[in-house]
Amino acid sequence: MSGPSGVGKGTVRQKVMEDETLNLAYSISMTTRGPRAGEENGREYFFVTKEEFEKNIKEGNLLEYNFFVSNYYGTPKSYVDQLRNEGKNVLLEIDVNGAKTVMAKCKEIGDDVVSFFILPPSMQALENRIRGRRSEPEDVIQERLSKAAAEIDQSSNYKYPVVNDNLEETAKLIRDIIVKESNKNSD
Ligand code: 5GP
């Protein structure tokens, strides 16, 4: 699942995951950005230093990683492997570059990927949300906004573009797609 910063991916993800029948597990990423108010280490992210992150890159511990608005973000490989061995459908919430890497890797080994791109109802709505978070200085906000436009340009690389206008409806749409895709694979 990808989508621009501020589109509400985290909230949508939490809502979708309330449905335990989907057998989903969230892949907790590693990042060098600091926690926002209310975020906890090991829940939203594993918050690490730049040195720790670079050590993980060197040791090949990341399935993919990217440098996004002055910070590293990456998917710990062993955690995804563990969840998959438990038979879970693993949900990654990552940026467009990371998603490209994962989609290519899965294609290589014949693994199924269901890709969602969450879109804002409008660019103004997105800006309001990013500003409403009040967690970042103006230059970071500007960078996130210009990044958002570039990310939206890549939404056609995803199988399912979904406009997040209403949380309940968005979550329902995504849940229905996951059920449909899972049934396809078990046919
Ligand atoms: P935020 O700072 O708003 O939590 O995340 C910024 C961006 O990084 C979002 O687009 C988010 O999806 C992405 N992101 C989060 N975790 C990962 C990851 O493990 N890998 C990559 N490539 N992007 C990530």
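## The largest pocket

In this predicted model, the lining of the largest pocket draws at least two residues from each of α3 (77-85), β6 (89-91), α4 (96-109) and α7 (167-186). Among the contributors to this lining, α4 holds the largest share, with seven residues. The space inside the largest pocket comes to about 920 Å³, and of the 33 residues that line this pocket, R84, V90, C106, D112 and V113 are the closest to its centre.

Sorted by class, the lining of the largest pocket consists of 18 nonpolar, six polar and nine charged residues.

## The second largest pocket

The second largest pocket has a volume of about 720 Å³, and two or more residues of its lining come from each of α1 (9-17), β4 (62-68), β5 (71-76) and α6 (138-152). With five residues, α1 gives the most to the lining of the second largest pocket.

In total, 30 residues line the second largest pocket, and those that lie nearest its centre are K9, R33, R36, Y45 and E93. By class, the residues of this second lining divide into 13 charged, 10 polar and seven nonpolar.

## The nonpolar core

The largest nonpolar core is made of 20 residues, and those with the most contacts inside this core are M1, V16, F116, I118, V162, I174 and I178. At least two residues of the core are supplied by each of α1, β7 (116-119), α5 (123-132), α6, β8 (160-163) and α7, and of these elements α7 gives the most, with four residues.

Two of the helices named here also appear in the account of the pockets: α7 is listed among the elements that line the largest pocket, while α1 contributes to the lining of the second largest pocket.

## Aromatic rings and a charge over a ring

The model contains 10 aromatic pairs by the rule applied here, and one aromatic cluster is formed by Y45, F47, F68 and Y73. Of the residues in this cluster, Y45 is also listed with those nearest the centre of the second largest pocket.

A separate arrangement brings together a charged residue and an aromatic one, in that the charged end of R13 sits over the ring of Y26, at 3.6 Å from the centre of that ring.

## A buried glycine before α1

G6 lies in the segment that precedes α1, and because its relative accessibility is 8%, below the 20% limit, G6 counts as buried. The C-alpha atom of G6 is separated by 8.5 Å from that of P120, although the two residues are 114 residues apart along the chain.

## Two residues with positive phi

Most residues other than glycine have a negative phi, and against that background two loop positions deserve a look. N23, found in the loop between α1 and β1 (24-26), has a phi near 55°, which is a positive value in a residue other than glycine. S70, found in the loop between β4 and β5, likewise is not a glycine and has a positive phi of about 70°.

The exposure of these two residues can be placed in classes as well. N23 has a relative accessible area of 30% and is therefore partly exposed, whereas S70, with a relative accessible area of 52%, passes the 50% limit and so counts as exposed.

Methods. Residues numbered from 1 in each chain as written. Predicted model: local features only at pLDDT ≥ 70, side-chain atom pairs only at ≥ 80, totals over all residues. Heavy atoms only, no water. 1 Å grid on protein atoms, 1.4 Å probe; cavity = no way out; pocket = protein on both sides within 12 Å on 5 of 7 lines; lining within 4 Å. Points joined across faces, edges and corners; volume = space filled by probe spheres on them. Nonpolar A, V, L, I, M, F, W, Y, C, P; charged D, E, K, R; others polar. Phe/Tyr/Trp six-rings, centres within 6.5 Å; stacked < 30°, edge-to-face > 60°. Lys NZ or Arg CZ within 6 Å of the ring centre and 35° of its normal. Core = buried A, V, L, I, M, F, W, Y, C linked by side-chain atoms within 4.5 Å. Buried < 20%, exposed > 50% of the residue type's maximum accessible area, 1.4 Å probe, protein only.
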